[in-house]
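Trainee: I should like to request a close look at a single part of this structure. Please take one strand and its partners, and follow the contacts outward from there.

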Amino acid sequence: YLHPDRALSRIRTLRALTAPLPDVTRLARRLLARLRKLDLPGFTFRLQKGVSLAGGGSLPTQEIPTMLICIRSDSFPVNKLEERLRGLSVPIIARIADDDLLLDLRTIAEDEFTWVKQGFLTFKPS
């Protein structure tokens with residue numbers, strides 16, 4: 001990078017990979033509160049510690065501590081939740097583990113919370 005001192009503040013991926021866990025946890029708590037306020041019948045939202053994987057390249061198995069929002073629904077199987085959110089005009093990408101839909105707060109910026117909230121509003125009965 002021409003300006004390594006600016007890379008963390010300007011490159012979203014680097015910022016996400018290096019964010020301190022307390023910062024990620026604060027974001028998770030903010031999004032959790034917004035999702036709970038939606039009052040979606042049959043949905044439960046909770047926080048859980050987890051790990052993010054950096055992916056391929058030079059760090060294919062590097063685990064990074066993260067905070068997850070775990071989501072369950074009495075009305076929708078977890079694979080249908082994931083499929084529906086992924087299919088929105090602004091896709092919400094989540095992963096599935098142990099019958100929970102998981103949102104990893106290392107992968108969601110605070111300015112994207114509105115899209116996440118709108119995505120979950122599609123599950124609210126009319």
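**Aspartate 104 and the strands around it**

Mentor: Aspartate 104 has its place in strand β4, a strand that spans residues 100-104. The model is a predicted one, and every value below is computed from it. The relative accessibility of aspartate 104 is 5%, so this residue counts as buried; the cut-off for that class is under 20% relative accessible area.

The side chain of aspartate 104 has several polar partners. One is serine 52, whose side chain is joined to that of aspartate 104 by a polar contact of 2.4 Å. Another is threonine 66, with a polar contact of 2.6 Å between the two side chains. A polar contact of 3.3 Å links the side chain of aspartate 104 to the side chain of arginine 95. When neighbours within four places in sequence are left aside, the residues in contact with aspartate 104 are Val51, Ser52, Thr66, Met67, Leu68 and Arg95.

Threonine 66 deserves attention in its own right. This residue is found in strand β2, which covers residues 63-73. Threonine 66 has a relative accessible area of 1% and is therefore buried. Residues up to four places away in sequence not being counted, threonine 66 touches Leu21, Val24, Gln48, Lys49, Gly50, Val51, Ser52, Asp104, Leu105 and Arg106.

The setting of strand β2 as a whole agrees with this picture. Eight of its 11 residues are buried, so β2 is largely enclosed by the rest of the structure. With strand β1 (residues 43-53), β2 pairs in the antiparallel sense over 11 bridges. In this pairing, methionine 67 of β2 is the bridge partner of lysine 49. With strand β4, β2 again pairs in the antiparallel sense, here over four bridges. The bridge partner of leucine 68 in β4 is aspartate 104, and Leu68 is also among the residues that aspartate 104 contacts.

Aspartate 100 also belongs to strand β4. Its relative accessible area is 5%, and aspartate 100 is therefore buried. The side chain of aspartate 100 makes a polar contact of 2.4 Å with the side chain of arginine 72. These two residues are 28 residues apart in sequence, yet their C-alpha atoms are 5.6 Å apart in space. Beyond four places in sequence, aspartate 100 touches Arg46, Cys70, Ile71, Arg72, Val78 and Arg95. Arg95 thus appears in the contacts of aspartate 100 and in those of aspartate 104.

The loop between β3 (95-97) and β4 holds aspartate 98, and aspartate 99 lies in the loop between these strands as well. Most residues other than glycine have a negative phi. Aspartate 98, however, has a positive phi near 50 degrees, and the phi of aspartate 99 is also positive, at about 65 degrees, although this residue is not a glycine. Aspartate 98 is exposed, with a relative accessible area of 68%, and aspartate 99 likewise counts as exposed, at 57% relative accessibility. The buried state of aspartate 100 contrasts with the exposed state of aspartate 99.

The pockets may be considered last. The largest pocket has a volume of about 210 Å³. Its lining consists of Arg12, Arg15, Ala16, Ala19, Asp23, Val24, Leu27, Leu105, Arg106, Ile108, Ala109 and Glu110. Two or more of these lining residues come from each of the elements α2 (12-18) and α3 (21-37). By class, the lining comprises seven nonpolar and five charged residues, with no polar ones. Val24, Leu105 and Arg106 belong to this lining, and these residues are also among those that threonine 66 touches.

The second largest pocket contains about 160 Å³ of space. Val90, Pro91, Ile92, Ile93, Thr107, Ile108, Glu112, Trp115 and Val116 form its lining. Seven of these residues are nonpolar, one is polar and one is charged. Ile108 is named in the lining of the largest pocket and in that of the second largest.

To return to the starting point, aspartate 104 is a buried residue whose side chain makes polar contacts with the side chains of serine 52, threonine 66 and arginine 95.

Conventions. Residues numbered from 1 in each chain as written. Predicted model: local features only at pLDDT ≥ 70, side-chain atom pairs only at ≥ 80, totals over all residues. Heavy atoms only, no water. Buried < 20%, exposed > 50% of the residue type's maximum accessible area, 1.4 Å probe, protein only. Polar contact = N/O pair within 3.5 Å; in protein donor to acceptor, adjacent residues only side chain to side chain. Contact = heavy atoms within 4.5 Å. 1 Å grid on protein atoms, 1.4 Å probe; cavity = no way out; pocket = protein on both sides within 12 Å on 5 of 7 lines; lining within 4 Å. Points joined across faces, edges and corners; volume = space filled by probe spheres on them. Nonpolar A, V, L, I, M, F, W, Y, C, P; charged D, E, K, R; others polar. Pairing = 2+ DSSP bridges.
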